[in-house]
Amino acid sequence: MEISIKTKFDLGQTIVAFVGSKNKLIPFVVTRIDFGITKDGVDIWYHGDDNIMAMECNCFSSKEEFIAQL
């Protein structure tokens, strides 16, 4: 089986994520990308320093992109 996954962001890219547990928007550099495959689709997680972890649906290229989607 061959699996190909396209991510919205790349390693080394600076992004912002809304972290619900802290109720704030946090910028970070992507240091690791994880994914999980389920019967319903693919979940993509971005990791940064200081134990930051966010699902792709909560990540944005900028603060302005986050505001625009509200």
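**Exercise 1. Charged pairs**

Are Asp40 and Lys39 buried or exposed? Place them, then go through the salt bridges of this predicted model.

*Solution.*

Step 1. Both Asp40 and Lys39 are exposed. Their side chains meet in a salt bridge, with 3.6 Å from N to O.

Step 2. Get the total. The whole structure holds 3 salt bridges.

Step 3. Take the pair formed by Glu65 and Lys8. The closest N and O atoms are 3.4 Å apart. This pair links distant parts of the chain: Glu65 sits in helix α1, Lys8 in the segment before β1, and 57 residues separate them. Glu65 has a relative accessible area of 27% and is partly exposed. Lys8 is partly exposed too, at 43%.

Step 4. Take Arg32 and Asp34. Their side chains form a salt bridge at 2.8 Å, N to O. Arg32 is partly exposed at 44% relative accessibility. Asp34 is partly exposed, with 27%.

**Exercise 2. The fold in outline**

List the secondary structure elements of the protein chain and give their order.

*Solution.*

Step 1. Count the elements. The protein chain has 1 helix and 6 strands.

Step 2. Read from the N terminus. The order is β-β-β-β-β-β-α.

Step 3. Locate the helix. Helix α1 covers residues 63–69, and Glu64 lies in it. Glu64 is exposed, because its relative accessibility is 55% and the cut-off for exposed is over 50%.

Step 4. Add a distance. The C-alpha atoms of Glu64 and Ala54 are 18 Å apart, while 10 residues separate the two along the chain.

Step 5. Add the overall dimensions. Along the principal axes, the C-alpha atoms of the protein chain fill a box of roughly 40 × 25 × 20 Å. Of its 70 residues, 24% count as buried.

**Exercise 3. Strand pairing**

Work out which strands pair, and name the strands at the edges of the open sheet.

*Solution.*

Step 1. Write down the sheet. It is open, it has 3 strands in the order β2-β1-β6, and the pairing is antiparallel.

Step 2. Find the edges. β2 (24–29) and β6 (59–60) each have a single partner strand, so each has one side without a neighbour in the sheet.

Step 3. Check one pairing. Strand β1 (residues 14–19) pairs with β6 in the antiparallel sense over 2 bridges. Val16 stands opposite Phe60 in β6.

Step 4. Turn to β3 and β4. Strand β3 (residues 32–38) and strand β4 (residues 41–48) run antiparallel and are joined by 7 bridges. A hairpin of 2 residues connects β3 to β4. Ile33 has Tyr46 in β4 as its bridge partner.

**Exercise 4. Nonpolar residues, inside and out**

Which residues make up the largest nonpolar core, and which make the nonpolar surface patch?

*Solution.*

Step 1. List the core. Its 12 residues are Phe9, Ile15, Ala17, Val19, Ile26, Phe28, Val30, Ile44, Tyr46, Ile52, Ala54 and Cys59.

Step 2. Assign the core to strands. β1, β2, β4 and β5 (52–55) each supply at least two residues. β1 gives the most, with 3 residues.

Step 3. Go to the surface. Met1, Ile3, Phe35, Ile37 and Val42 make a nonpolar patch of about 590 Å².

Step 4. Inspect one patch member. Ile3 lies in the segment before β1. Its relative accessibility is 48%, and Ile3 therefore counts as partly exposed.

**Exercise 5. Cysteines**

Why is there no bond between the sulfur of Cys57 and that of Cys59?

*Solution.*

Step 1. Start with the search result. The whole structure contains 0 disulfides.

Step 2. Check the distance. The closest cysteine sulfur to that of Cys57 belongs to Cys59, at 7.8 Å, which is too far for a bond. The cut-off is within 2.5 Å.

Step 3. Look from the other end. Cys59 is in no disulfide, and its nearest cysteine sulfur is that of Cys57.

Step 4. Contrast the settings. Cys57 counts as exposed, at 56% relative accessibility. Cys59 is buried, with a relative accessible area of 0%. Cys59 is also one of the residues of the largest nonpolar core.

Definitions and conventions
Residues are numbered from 1 along each chain as its sequence is written. This is a predicted model: local features need pLDDT of at least 70, side-chain atom pairs count only at pLDDT 80 or more; totals for chains, interfaces and linings use all residues. Side-chain values use heavy atoms; hydrogens and water are left out. Helices (H or I, at least four residues) and strands (E, at least two) are DSSP runs, numbered from the N terminus. Buried means under 20% relative accessible area, exposed over 50%, partly exposed in between (1.4 Å probe, protein chains only). Two strands pair if DSSP finds at least two bridges between them. Patches are made of residues with over 30% relative accessible area and no salt bridge: like charges are joined within 9 Å, nonpolar side chains (Val, Leu, Ile, Met, Phe, Trp, Tyr) within 5 Å. Accessible areas come from the Shrake-Rupley method with a 1.4 Å probe; for residues, only the protein chains shown count as cover. A salt bridge is a side-chain nitrogen of Lys or Arg within 4 Å of a carboxyl oxygen of Asp or Glu. A nonpolar core is a set of buried Ala, Val, Leu, Ile, Met, Phe, Trp, Tyr and Cys residues joined through side-chain atoms within 4.5 Å.
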